[in-house]
Amino acid sequence: MNEKLAGELAAVRQQIDALDAQLLALLNQRARYAQEVGAIKQRHGEGGVIYRPEREAQVLQRIQAMNPGPLPNESVTWFFREVMSACLSLEQPLGIAFLGPFGTFSESAVTKHFGHAARLMPQLSIDDVFREVEALHADYAVVPIENSTEGAIGRTLDLLLNTPLKICGEVVLRIHQHLLSNARALDEVTKVYSHAQSLAQCHDWLNRSLPQAQRIPVGSNAQAAQFAGSEPGAAAIAGQAAAERYQLPQLASNIEDEPNNTTRFVVIGRQDAGPCGRDKTSLIMSAQNQTGALSRLLAPFSDAGVSLTRLESRPARHTLWEYVFFVDLEGHRADAAVHSALTELARRAPYLKLLGSYPMAAY
């Protein structure tokens, strides 16, 4: 390296070192302010709830609007989520239940939303995930609710119908599926383990590349990776997190049939969120079994100018051939237009349950 180049690099690196020192001082100053916020809440008797989804959403929205680059908003959002997660853990690390074991896409959704300072609490089933929060063992939970390829997660919808918990956030996760195995080539693979949803998401690839391999659905992709790691000739369809945790090579990468394969998760807790300016509201309603009943229930939203983003029917389970409808709409229940529509809907719907209002996902 010539002297001129070495001198230029040294000057720039010295500036970087100085900025790093400033960043460290500012991060610790921010942490002290976060502690002060917690102390103020304690003095005023509001110390029980330390996580405010609407406040975090407002911070991220403001940061994204201020971001001049060259860092993309996705990177900036990740960084500030981790900063907020670390500051929050100084008061109390949040316990987050999710569908385990470690290495699932659900775990990736938890860390994307709550950061790496959260206390991870993997569970054996989605039912157990809900129970952990209901029993006060976990502060919040993250559960999958719909996939862009395979549609709604039925068990999550069924549990939302009966739980007292509220939706207080959402996470949108881009899903990349990989074939993980200790096998050296595809022709050595005789069986493929994965969650049923993931097997369906890779159906065409499996038909083309592993037509003779047995497909075995299991409880989670991480569990599939555990099986694949211990059986000769076995492979798993799972994500990068499972590959790293269980140290399995990627025999094939990005094998999902749909390039934009995405899963939406919801955050559930014992209270919903206040308005942040970019909100959703979710609800469940039933309609009478008569002509025009559903149209009559949807009219209040149209009349109030409220946009629906999702309408999903689901068997009511307690009565044969009766259905309930899961609805997502833009806006917070406290917004004037949404409040007006919900008030009128309550007069028309035989059954209505508000699942919660919460900030839209920060991508």
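**Exercise 1. Find the bridge partner of Tyr-193 in strand 9, then work out how the strands around it pair.**

Start at the residue itself: in this predicted model, Tyr-193 has Ala-236 of strand 9 as its bridge partner. Next, look at the strands. Strand 7 runs parallel to strand 9, with three bridges between the two. Now try Leu-180: its bridge partner in strand 9 is Ala-236 as well. That pairing belongs to strand 6 (residues 178-181) and strand 9 (residues 234-238), which are antiparallel and share four bridges. Last, go over to strand 8, which pairs with strand 7 in the parallel sense over five bridges. There, Ser-194 is matched with Pro-217 of strand 8.

**Exercise 2. Put the five strands of this open sheet in order, and say which ones stand at the edges and why one side of each lacks a neighbour.**

Line the strands up and you get 8-7-9-6-10, with mixed pairing. Now check the ends: strand 8 (214-218) and strand 10 (250-252) each have a single partner strand, so one side of each has no neighbour in the sheet. For the twist, ignore direction and average over neighbouring strands: they're turned by 35° against each other.

**Exercise 3. Which strands does helix 9 touch as it packs on the sheet, and what angle does its direction make with strand 9?**

Take residues 221-230 as the helix, then list its contacts: strand 6, strand 7 (191-195), strand 8 and strand 9. Then compare directions: helix 9 makes about 160° with strand 9.

**Exercise 4. Which members of the largest nonpolar core touch the most other members, and which elements give two or more residues to it?**

Among 26 residues, the ones to pick out are Ile-126, Phe-130, Leu-160, Ile-167, Ile-268 and Phe-326. Now sort by element: the helices giving two or more residues are helix 5 (126-134) and helix 6 (154-162), and the strands are 1 (95-99), 3 (140-147), 11 (262-269), 14 (323-330) and 15 (352-359). Zoom in on Phe-326 and skip neighbours within four places in sequence: its contacts include Leu-157, Leu-160, Leu-283, Ile-284 and Leu-355, along with Arg-310 and Glu-312. Don't stop there, though: a separate core of 19 residues includes Phe-114, Ala-118, Tyr-140 and Ile-175.

**Exercise 5. Is Glu-132 buried or exposed, and how far away is the nearest side chain of opposite charge?**

First place the residue: Glu-132 sits in helix 5. Glu-132 is buried. Then look for a partner: Arg-131 is the nearest side chain of opposite charge, at 6.9 Å, and Glu-132 has no salt bridge. Finally, leaving out residues up to four places away in sequence, see what Glu-132 touches: Ala-97, Met-121, Gln-123, His-137 and Ala-138.

Definitions and conventions
Residues are numbered from 1 along each chain as its sequence is written. This is a predicted model: local features need pLDDT of at least 70, side-chain atom pairs count only at pLDDT 80 or more; totals for chains, interfaces and linings use all residues. Side-chain values use heavy atoms; hydrogens and water are left out. A nonpolar core is a set of buried Ala, Val, Leu, Ile, Met, Phe, Trp, Tyr and Cys residues joined through side-chain atoms within 4.5 Å. Buried means under 20% relative accessible area, exposed over 50%, partly exposed in between (1.4 Å probe, protein chains only). Contact means heavy atoms within 4.5 Å. Lys and Arg count as positive and Asp and Glu as negative; His and the chain ends are not counted. A salt bridge is a side-chain nitrogen of Lys or Arg within 4 Å of a carboxyl oxygen of Asp or Glu. Two strands pair if DSSP finds at least two bridges between them. Axes are lines fitted to C-alpha atoms, for helices over the stretch in contact, and angles run from 0 to 180 degrees between N-to-C directions.
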